[in-house]
Amino acid sequence: IDELLAEGVAGKRVFVRADLNVPLDGATITDDGRIRAVLPTVKALADAGAKVVVASHLGRPKGEPDPAFSLAPAADRLGELLGSTVAFATDTVGDSARSTVADLADGQVAVIENLRFNAGETSKDDAERGAFADRLAELADLYVGDGFGAVHRKHASVFDLPARLPHAAGFLIATEVGVLKQLTDDVKRPYVVALGGSKVSDKLAVIDELLGRADRILIGGGMAFTFLKAKGYEIGASLVQDDQLPVVTEYVERAEKNGVELVVPVDVVAAARFPDLKTKAPSDPVTVDADAIPADLMGLDIGPRTGALYASKLADAGTVFWNGPMGVFEHPDYAEGTKAVAQALVDSPAFTVVGGGDSAAAVRLLGFDENAFGHISTGGGASLEYLEGKTLPGLAALEG
Ligand code: 3PG
């Protein structure tokens, strides 16, 4: 983007592919981290006199307009953060988008509606995606890719559109890639990785890669129970992915062979029912040993002994990557494990990277100062796939 700015963007229409896929409660944004993350790029372009057309997906609508997934709240928030009026187009490539962009003055910003309201955005068919990209290309003279959270998606606005316009990476993508490179190139050891989240299947590829890179892997969240079951523990009514047991068992064995410390919970906070996240009504949590969870209870957080154990495993780290909450942090009864890990990162002198929409939102919602972490990535799947060593379509397109 520095080169684009140096060449001059005044009067040019610049399409900024952002990731404004923020968590919403109705029309209220519960964490605006992703909007704040793209501000430097949007501001720099607007200050340089560009007509800035910001686009993003939000959620997973079905390829047609769906008010529940409108980007309007994100556009409003972007305007508040910029301290200026942001125009909003109620479609992606239709009359509203065309006239909104045509009416932009130099230095003004517009947001177009959710790209996934058009089936062409996510289509697996190259021609269908290409046709949508052609129409998006009509809205702009230049393209800036800055939606790091979506660079792992081979979608029209991420992959096909940059091939149709002069393009550059924005400040956010440059920062994210710079940080993640540090985790793959010359990492300062011990390299400790904490992984949580509900589904072990989402994390298998990254664990596979990390078993050859990390010194220690700490497992929490819903995915921990598949590991506990693979070890032959009684996991009661906890979430488990039985079909993943063979691969998880192989990972446990490989960790031992490779000298990677793979650490699983020693205790868990459990309850008979999943808590009500809306009312946050008190539930009846009990702390039980991780190898003997009663049949009628489900584990919902790592326990206090595990929190302390993980903190000790993080204390002497040179580098930490953390992805995925340790428990159902949205409910106060099951937030302590995630808090313990977040606090351990804050206390650590290591270079700490928090990846993943959920963990990034968790540290902010739990009241941690985001500046106390080395880097909070806006990418969930994107940062994991980067660490897996995969080619990311949205980055490849910007290099081409
Ligand atoms: C994310 O939230 O990880 C990104 O915005 C990508 O969203 P997606 O998984 O729906 O493609």
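This is a dialogue on reading a predicted model, from its annotated site to one of its strands.

Student: Where does UniProt place the feature "binding site"?

Tutor: An annotation is a starting point to compare with the coordinates. The unreviewed UniProt entry lists Asp-19, Leu-20, Asn-21, Arg-34, His-57, Leu-58, Gly-59, Arg-60, Arg-116 and Arg-153.

Student: Which residues surround the ligand in the model?

Tutor: The shell consists of Asp-19, Asn-21, Arg-60, Gly-149, Ala-150, Arg-153, Gly-357, Gly-380 and Gly-381. Asp-19, Asn-21, Arg-60 and Arg-153 appear both in this shell and in the UniProt record.

Student: How many residues of that shell are nonpolar, polar or charged?

Tutor: The count is 1 nonpolar, 5 polar and 3 charged.

Student: Take His-57 from the record. Is His-57 buried or exposed?

Tutor: Burial is read by counting C-beta atoms around the residue. His-57 is buried because 26 other C-beta atoms lie within 10 Å, and the cut-off is 20 or more. His-57 sits in the loop between β4 (51-55) and α3 (72-82).

Student: Which residues does His-57 touch, beyond those up to four places away in sequence?

Tutor: Contacts of this kind show which parts of the chain come together. For His-57 they are Asn-21, Asn-114, Leu-115, Arg-116, Glu-121 and Ala-150. Of these, Asn-21 and Arg-116 are also in the UniProt list, and Ala-150 belongs to the ligand shell.

Student: What about Leu-58: buried or exposed?

Tutor: Leu-58 lies in the loop between β4 and α3. Leu-58 has 23 C-beta neighbours inside 10 Å, so it counts as buried. Setting aside neighbours within four places in sequence, its contacts are Leu-20, Asn-21, Phe-69, Leu-71, Ala-74 and Asn-114. Asn-21 and Asn-114 are contacts of His-57 as well.

Student: Now the strands. How many residues of β16 are buried?

Tutor: In a regular strand, side chains alternate between the two faces of the sheet. Strand β16 covers residues 351-355, and 4 of its 5 residues are buried.

Student: How does β16 pair with β15, parallel or antiparallel?

Tutor: β15 (residues 319-323) and β16 run parallel and are joined by 5 bridges. One bridge links Val-320 to Thr-352 in β16. Between the two strands the chain passes through helix α12 (residues 336-347), and this β-α-β crossover is right-handed.

Student: And what pairs β16 with β17?

Tutor: β16 and β17 (residues 375-376) share 2 bridges, again in the parallel sense. Val-354 has Ile-376 in β17 as its bridge partner. With helix α13 (residues 357-365), β16 and β17 form a right-handed β-α-β unit. Gly-357, listed in the ligand shell, falls within the range given for α13.

Note on methods. Residues numbered from 1 in each chain as written. Predicted model: local features only at pLDDT ≥ 70, side-chain atom pairs only at ≥ 80, totals over all residues. UniProt positions renumbered as here; feature names shortened; annotations may be inferred. Helix = DSSP H or I, 4+ residues; strand = E, 2+ residues; numbered from the N terminus. Buried ≥ 20, exposed ≤ 12 C-beta atoms within 10 Å, placed from the backbone. Contact = placed C-beta atoms within 7 Å. Near = placed C-beta within 6 Å. Nonpolar A, V, L, I, M, F, W, Y, C, P; charged D, E, K, R; others polar. Pairing = 2+ DSSP bridges. Right-handed = clockwise from strand over helix to strand, strands pointing away.
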